[in-house]
Amino acid sequence: MKYISTRGQAPALNFEDVLLTGLAADGGLYIPECLPRYTPEEIASWAGLSYAELANKIIAPFVADSIPADDLETIINETYAEFSHAAVAPLNQISSNEWVLELFHGPTLAFKDFALQLLGRLLDYILEKRQERAVIVGATSGDTGSAAIEGCRRCDNVDIFIMHPHNRVSDVQRKQMTTIAGDNIHNLAVEGNFDDCQAMVKESFADQSFLEGKARLVAVNSINWARIMAQVVYYFSSAISLGAPHRSVAFSVPTGNFGDIFAGYIARNMGLPISQLIVATNSNDILHRFMESNNYDKTTLEHTLSPSMDIMVSSNFERLLFDLYGRDGNAIRELMDDFNVTGKLSIDAHRWEFARGLFDSARVDDEQTCETIKQVFAESEYLLDPHTAIGVQAARQCRRDAATPMVILATAHPVKFPEPVIKAGLQAPDLPYHLRDLNEREERMTVVKNDKATVHAYIREHSRAL
Ligand SMILES: *Cc1c(COP(=O)(O)O)cnc(C)c1O
């Protein structure tokens with residue numbers, strides 16, 4: 001399979017190079033040139049497969065020219081064997097025809113494990129084959145960092161540097177990153193916010209001279225196609241469990257960078273009957289404003305009770321724009337260049353109408369988030385994390401059809417975010433069994449100034465490849 005850039009100027013690449021590249025040379029994002037599309041009969045034949053078996057079916061065509069089938073199978077089996085629930089992504093019914101898809105049974109208790117545990121193993125495999133080394137520089141508002149570190153801790157060929165905004169991630173999130181020991185693991189607590197961290201990652205990709213040509217820089221944020229690819233699988237697994245392809249399913253997805261929901265959009269384009277895709281945002285609602293009023297304008301960042309969705313711009317949105325513009329890379333380049341200067345973007349009316357047909361959306365603030373946690377607990381004694389609560393609230397506001405199963409993606413375990421749970425008047429849950437000693441583990445991190453030169457100097461000094 002070939003991958004092309006959303007800005008039309010960078011060379012097409014195969015999977016292996018896309019995995020190792022991150023942003024395309026023209027500033028765009030890579031996307032498959034065309035997607036596999038499955039008939040209802042093919043989808044029906046997947047009923048009864050284990051999660052890993054299904055993942056194999058779905059992922060194989062995306063990586064076929066880079067990874068032989070047997071090796072892929074081993075990598076996928078190892079990845080999902082690390083999850084603490086035998087179903088990997090179990091569904092839990094919370095009310096009439098309303099289901100929570102629990103994506104928090106991986107090692108770091110958030111959905112990002114689905115992609116990053118796989119990505120770490122894929123990277124190590126490809127780097128070993130090519131006898132190359134890589135440096136990962138990533139930014140996290142909490143969950144990506146721990147999942148990436150956990151996914152890469154056994155990778156001999158990777159040094160990983162994760163920046164998080166100092167004092168702006170929850171204690172559990174921080175400890176999950178800083179208590180994983182390894183010579184190749186480096187936690188940088190940046191005196192700034194998440195966008196400052198992300199901006200430094202972007203600048204590092206734009207000018208990689210600090211690596212002196214001795215290692216590749218690899219992205220672990222959701223601009224990396226491999227992440228989206230891995231996330232497509234659980235849309236299929238849950239929909240098939242609920243009766244697809246004979247029945248359509250609706251999804252509500254708490255989203256920030258438009259990564260997770262974009263995977264749902266891809267699943268639908270691959271033939272999965274999805275009747276509704278709901279974009280659920282917190283007060284950082286740039287995506288909701290776009291869907292509601294064709295107004296994708298950058299505003300100031302708000303710190304909310306759902307910090308993993310605190311973003312000003314959504315890095316994967318460009319992938320959707322590319323399709324909305326008939327895959328015209330030049331048009332996207334102009335739009336994005338303009339957006340980078342003005343911080344504003346709206347698109348032709350007919351294209352926007354089309355986007356509105358693809359997605360519904362809702363914005364849920366902190367107060368409604370706590371209310372929803374409280375309400376669902378009262379209804380079913382089921383404790384939601386704040387991100388998932390936003391998904392539930394958005395589902396209830398946007399639902400079109402009571403007969404269609406509504407699946408809400410539960411993106412994190414509530415233990416990661418005790419504050420809103422306590423605000424809702426409930427008791428914070430205990431750590432799951434495999435993390436029960438987290439608070440006793442030793443933490444390792446370095447506080448650094450919000451300054452690119454400082455960060456680059458740190459990386460040069462600590463990377464084994466340099
Ligand atoms: C990352 C994250 C999100 C947002 O995911 P996107 O891919 O940016 O849409 C939502 N909830 C949790 C818990 C997360 O960690």
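User: How do you know that an oxygen atom of the ligand and the side chain of K112 make a polar contact?

Analyst: A polar contact is a pair of N or O atoms within 3.5 Å (within protein, one must be able to donate a hydrogen and the other to accept it, and residues adjacent in sequence count only if both atoms are side-chain atoms). Here a ligand oxygen is 2.5 Å from an N or O atom in the K112 side chain, so the pair meets that limit. This is a predicted model, in which local features need pLDDT of at least 70 and side-chain atom pairs count only at pLDDT 80 or more, while totals for chains, interfaces and linings use all residues. Residues are numbered from 1 along each chain as its sequence is written, and side-chain values use heavy atoms, with hydrogens and water left out.

User: Which other contacts of the ligand can I check that way?

Analyst: Try T255: an N or O atom of its side chain is 2.5 Å from an oxygen atom of the ligand. For D260, a polar backbone atom is 3.0 Å from a ligand oxygen. The protein covers 97% of the 390 Å² of accessible area that the ligand has on its own, as given by the Shrake-Rupley method with a 1.4 Å probe.

User: What makes a residue count as near the ligand?

Analyst: One of its heavy atoms must lie within 4 Å. There are 15 residues around the ligand, and K112, D143, T255, N257 and T411 come nearest.

User: How do you know that β8 and β13 are edge strands?

Analyst: Strands are DSSP runs (E, at least two residues; helices are H or I, at least four), numbered from the N terminus. Two strands pair if DSSP finds at least two bridges between them. The open sheet has 5 strands in the order β8-β5-β6-β7-β13, with parallel pairing, and β8 (216–218) and β13 (446–448) each pair on one side only. Neighbouring strands are turned by 25° against each other on average, direction ignored.

User: Why are β7 and β13 called a pair?

Analyst: Strand β7 (residues 185–190) and β13 are joined in the parallel sense over 3 bridges, which satisfies the minimum of two, so they pair. In one of these bridges, V190 has V448 of β13 as its partner. Helix α8 (residues 194–206) packs on this sheet, touching β5 (134–139), β6 (158–165), β7 and β8, where contact means heavy atoms within 4.5 Å.

User: What is the pairing in the sheet of 6 strands?

Analyst: The pairing there is mixed, and the order of this open sheet is β3-β4-β12-β9-β10-β11. Its edge strands are β3 (91–95) and β11 (360–363). Strand β4 (residues 98–102) pairs with β12 (residues 406–410) in the parallel sense over 5 bridges, and E102 stands opposite A410.

User: Why is α11 called roughly perpendicular to α14?

Analyst: Axes are lines fitted to C-alpha atoms, for helices over the stretch in contact, and angles run from 0 to 180 degrees between N-to-C directions. Angles of 65 to 115 degrees count as roughly perpendicular, under 35 as roughly parallel, over 145 as roughly antiparallel and the rest as oblique. Helix α11 (residues 286–293) and helix α14 (residues 349–358) pack at about 115°, with their axes 8 Å apart. Therefore α11 is roughly perpendicular to α14. The contact is made by F290, M291, E292 and S293 of α11 with W352, A355 and R356 of α14.

User: Is the peptide bond from A244 to P245 cis or trans?

Analyst: That bond is cis, with omega near 5°, and P245 lies in the loop between α9 (225–241) and β9.
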